[in-house]
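Biologist: I've got a new model open and I'd like to get my bearings. Can we go through it together?

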Amino acid sequence: KKPELILAFESSCDETSVAVVEDGVKIRSNVIASQINSQKRFGGVVPEVASRHHVEQVTLCAEEAMTQAGVTYGDLTAVAVTYGPGLVGALLIGVSAAKAVAFAHQLPLIPVNHMAGHIYAARLVKPLVYPLMALLVSGGHTELVYMRGAGEFEIIGDTRDDAAGEAFDKVGRVLNLAYPAGKKIDDLSKLGQDTFNFPRAMIKDANYDFSFSGLKSAFINKVHNAEQRGEKLSKPDLAASFQASVIDVLITKTMRVCQAYGVGQLVLAGGVAANSALRSALTSAIDQEDPNLDFVVPPIRLCSDNGAMIGAAAHVMMARGARADLDLNADPSLSF
Ligand code: KG4
Ligand code: ZN
């Protein structure tokens, strides 16, 4: 049987990425052009800057992805693209590029939800077994997503305010760490300890929602009050204490929801899934509390935004009949 080759575009935020994925599970190429160096000096992603980068990069990335995969356009089965959620101008670049390829080569166009892409990154590691639960932690989202079957998503818990990654980035700014600060806080935490005992918001509440803005405020107040007294607090301890609070709440609620829903598999996904302490804490919580729960977490390079995860999701969505016409539009606030 001829392999199903999907050319997948991702441009929802600050990485332009194009991948070729075979049969939804095998990465033939995954080219990622990051804009971190341009966005760093603004302390965050400036939408207009992001769009301009995508315009410059998208064709180069697509050609590079095709070359690395060793395929021609005639070999492709379909073209897939992230159409939301994300920055509208950024999304539109990927959507336009994908449409152009689909039109020029008469290929089906598969629309993909970015968050579904994060979850399906796990499929590049091993087969998914339903029903499953996904803890989706990124710069824009913090969600517990229940999947009864392939392509079926139900949000069980959500953040009431800041997303987990957003909290990492905001707290990092207070510590003078360059954007995005998640990885730097992760590294700094290894040199410190949880000495500040920041609040664990909503940890005991009988729901699966999260809140991180109170933690952020507590952190900022702690640092500012110390500054006013001319005191210097340990950055590694601050980082470790913040991170411990985030992880504590994420893990407590995730373990509880897995039990309540009786799932056999847990997927950790999104940019914050790259966090080393979160990965190991979740591994030990499962070992101790629910050893039969199968834990799937993509390798770090597949946790942050990339085209391969969009190709993996597209393969599932295509089998379920998902198709877009050439009037496909970006949907910045797309939900499951
Ligand atoms: O999924 P992603 O690449 O983009 C979005 O869809 O938002 O996630 C980016 C987020 C950023 O907030 C970044 O600081 C965070 O993921 N992040 C981390 C780590 N690596 C990236 N947060 C904590 N620890 C990390 N090692
Ligand atoms: Zn993302």
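Modeller: Sure, and keep in mind that this is a predicted model. Around ligand 1, the shell divides into 4 charged, 6 nonpolar and 9 polar residues.

Biologist: Why does ligand 1 lie between domain 1 and domain 2?

Modeller: Look at who supplies the shell. Domain 1 covers 5–119 + 303–319, and domain 2 covers 128–297. Ligand 1 lies between them because residues of the shell come from both domain 1 and domain 2.

Biologist: Which helices each supply at least two residues of that shell around ligand 1?

Modeller: Start with the residues that come nearest: G139, G165, G182, G271 and N275, out of 19 around the ligand. The helices that each give at least two shell residues are α5 (164–174) and α6 (182–189).

Biologist: Now the sheet. Which strands are at its edges?

Modeller: The sheet is open and has 5 strands, with mixed pairing, in the order β3-β2-β1-β4-β5. An edge strand here pairs on one side only, and that picks out β3 (26–34) and β5 (109–113).

Biologist: How do β2 and β3 run, parallel or antiparallel?

Modeller: Strands of a sheet can pair either way, through backbone hydrogen bonds. In this pair, V18 stands opposite V31 in β3. With 8 bridges joining them, β2 (residues 15–22) and β3 run antiparallel.

Biologist: And at about what angle does helix α2 run to β2?

Modeller: Helix α2 spans residues 47–69 and lies across β1 (5–10), β2 and β3. Its direction relative to β2 is about 25°.

Note on methods: Residues are numbered from 1 along each chain as its sequence is written. Chains are lettered from A and ligands numbered from 1 in the order in which they are written. This is a predicted model: local features need pLDDT of at least 70, side-chain atom pairs count only at pLDDT 80 or more; totals for chains, interfaces and linings use all residues. A residue is near a molecule or strand if its C-beta atom, placed from the backbone, lies within 6 Å of it. Helices (H or I, at least four residues) and strands (E, at least two) are DSSP runs, numbered from the N terminus. Ala, Val, Leu, Ile, Met, Phe, Trp, Tyr, Cys and Pro count as nonpolar, Asp, Glu, Lys and Arg as charged, and the others, Gly among them, as polar. Domain bounds come from an automatic or database domain assignment. Two strands pair if DSSP finds at least two bridges between them. Two residues are in contact if their C-beta atoms, placed from the backbone, lie within 7 Å. Axes are lines fitted to C-alpha atoms, for helices over the stretch in contact, and angles run from 0 to 180 degrees between N-to-C directions.
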